[in-house]
Amino acid sequence: MSIRIRALHPVLAGEVEGIDLRAPLTPAEVTAIEAGMDRHAVLVFPGQDLSDEQQLAFSRNFGELERPGAASNITRPEDRRLGPCMADISNLDRHQQILRRDDRQRMFNLGNRLWHSDSSFKATPAKYSLLYCLSVASKGGNTEFADMRAAYDALDDERKALIEDLVCEHSQMFSRAQLGFTEFTEEERERFKPVLQVLVRAHPSTGRKSLYLSSHAGSILGWPVPEARFLLRDLVEHATQRKFVYSHKWRVGDLVIWDNRRTMHRVRPYPAEEARDMRRTTLKGEGPTVRQQAA
Ligand SMILES: [Fe+2]
């Protein structure tokens, strides 16, 4: 059966029909999905029924898996609910109990409500994220995606020239500080040391430029911090205008893939006392966007 892609948004998102992700993909299917990703940046595969192993196997068709682990969050290894290559985007602990409202792990994970690009705090940031929905809360919890390519195109020439060669520092400490979460251990501060990312990047497949923004970006090399924060804030405001955004309402069985190299995303609030189980696999990008400074 050949796959069909129906647009969910004029540019940014499409829905893929005619494919069961449990079965091995043919090379033609892999090519069709990659082409769909280059065209849309967000693809929704509804009505799937995947185990973690099947999600991992499907993900490997498109690149090398990231191991989220210690570099990505504050969850201790013994508290992890899922295997080493699965990022836990739930509000559950390893006993499947809903995390307390003031649980440190939950508060850290609330950073997902800020606009961001996955793993922009890693020297080699992410290519695709693949998020599978096992349960939803009764309301809220949409994931919104913003088109960083359209946002770049819409900048005037003066602004494009201003930002062309800028380099930002990204760290999870910057994003969490915006939420008032500043209590990091010495060991966490070491793990979350900032990395460098260009502010304008070209897509490796299409060559098109896009803004590379994320709540993890906290400074710009050579700029006073307050000025850098204002420029970044202005750019995020510009890039997340509703005309650049697709909002996804989750159904159980949805798998959604997005390209972190040309989108930002955020989750909207949902009731803290209701379970929401989502599992993410993440693929490594091609390499650093900029040469990292010596430590
Ligand atoms: Fe994310």
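**From a buried strand to an iron site**

In strand β8, V195 and Q197 point one way while L196 and V198 point the other way, and all are buried, where buried means under 20% relative accessible area, exposed over 50% and partly exposed in between, computed with a 1.4 Å probe on protein chains only. The model is a predicted one, in which local features need pLDDT of at least 70 and side-chain atom pairs count only at pLDDT 80 or more, whereas totals for chains, interfaces and linings use all residues. Residues are numbered from 1 along each chain as its sequence is written, and side-chain values use heavy atoms, with hydrogens and water left out.

Strands such as β8, read here as DSSP runs of E with at least two residues, are numbered from the N terminus, as are helices, which are runs of H or I with at least four residues. The partner of β8 is strand β7 (residues 167-170), and the two pair in the antiparallel sense over four bridges; two strands are said to pair if DSSP finds at least two bridges between them. Within this pairing, the bridge partner of C168 is Q197 in β8. C168 counts as buried at 0% relative accessibility, and C85 also counts as buried, at 15% relative accessibility. A search of the whole structure nevertheless finds zero disulfides, a disulfide being a pair of cysteine sulfur atoms within 2.5 Å.

A further set of strands makes up an open sheet, in which seven strands follow the order β1-β2-β3-β13-β5-β15-β4 with mixed pairing. Strands β1 and β4 (87-88) stand at its edges, each with a single partner strand, so one side of each is left without a neighbour in the sheet. Starting from the β1 edge, strand β1 (residues 4-7) pairs with β2 in the antiparallel sense over four bridges, and the two form a hairpin with five residues between them. Strand β2 (residues 13-17) has four of its five residues buried, so it is largely enclosed by the rest of the structure.

E15 can serve as a marker for following the sheet across β2, since R6 has E15 as its bridge partner in β2, and E15 also stands opposite V44 in β3. Strands β2 and β3 (residues 42-45) run parallel and are joined by three bridges, and together with helix α1 (residues 27-40) they make a right-handed β-α-β unit. A crossover is called right-handed if, with the strands pointing away from the viewer, the path from the first strand over the helix to the second runs clockwise. Next in the order, β3 is joined by four bridges to strand β13 (residues 255-259), and these two run antiparallel, with V42 standing opposite W258 in β13.

Aromatic side chains add contacts between separate parts of the chain. The search of the whole structure finds nine aromatic pairs, where rings of Phe, Tyr and Trp (its six-membered ring) pair if their centres lie within 6.5 Å, and planes under 30 degrees apart count as stacked, over 60 as edge-to-face and the rest as tilted. One of these is the tilted pair of F62 and Y128, at 6.1 Å centre to centre and 50° between the planes; the pair links distant parts of the chain, with F62 in the loop between α2 (52-59) and α3 (69-72) and Y128 in strand β5, 66 residues apart. F62 is buried, with a relative accessible area of 3%, and Y128 counts as buried at 0%.

The rings of F108 and F192 have their centres 6.0 Å apart and their planes at 20°, so this pair is stacked. F108 lies in helix α4 and F192 in the loop between α8 (186-191) and β8 (195-198), 84 residues apart. F108 counts as buried at 1% relative accessibility, as does F192 at 3%.

Y128 also belongs to one aromatic cluster with F45, F58 and F62, and the charged end of K127 sits over the ring of Y128, 4.5 Å from its centre. Such a contact requires NZ of Lys or CZ of Arg within 6 Å of the ring centre and within 35 degrees of the ring normal. K160 likewise lies over the face of Y152, at 5.2 Å from the ring centre.

The iron ion is coordinated by H116 (NE2), D118 (OD) and H265 (NE2), at 2.1 to 2.2 Å; donors are N, O and S atoms within 2.8 Å of the metal (3.2 Å for Na, K and Ca), and water is not among the atoms, so sites may look incomplete. H116, in the loop between α4 (104-109) and β5 (126-135), and H265, in strand β14 (residues 263-267), are 149 residues apart. Both H116 and H265 are buried, and the donors follow the spacing H-x1-D-x146-H along the chain.
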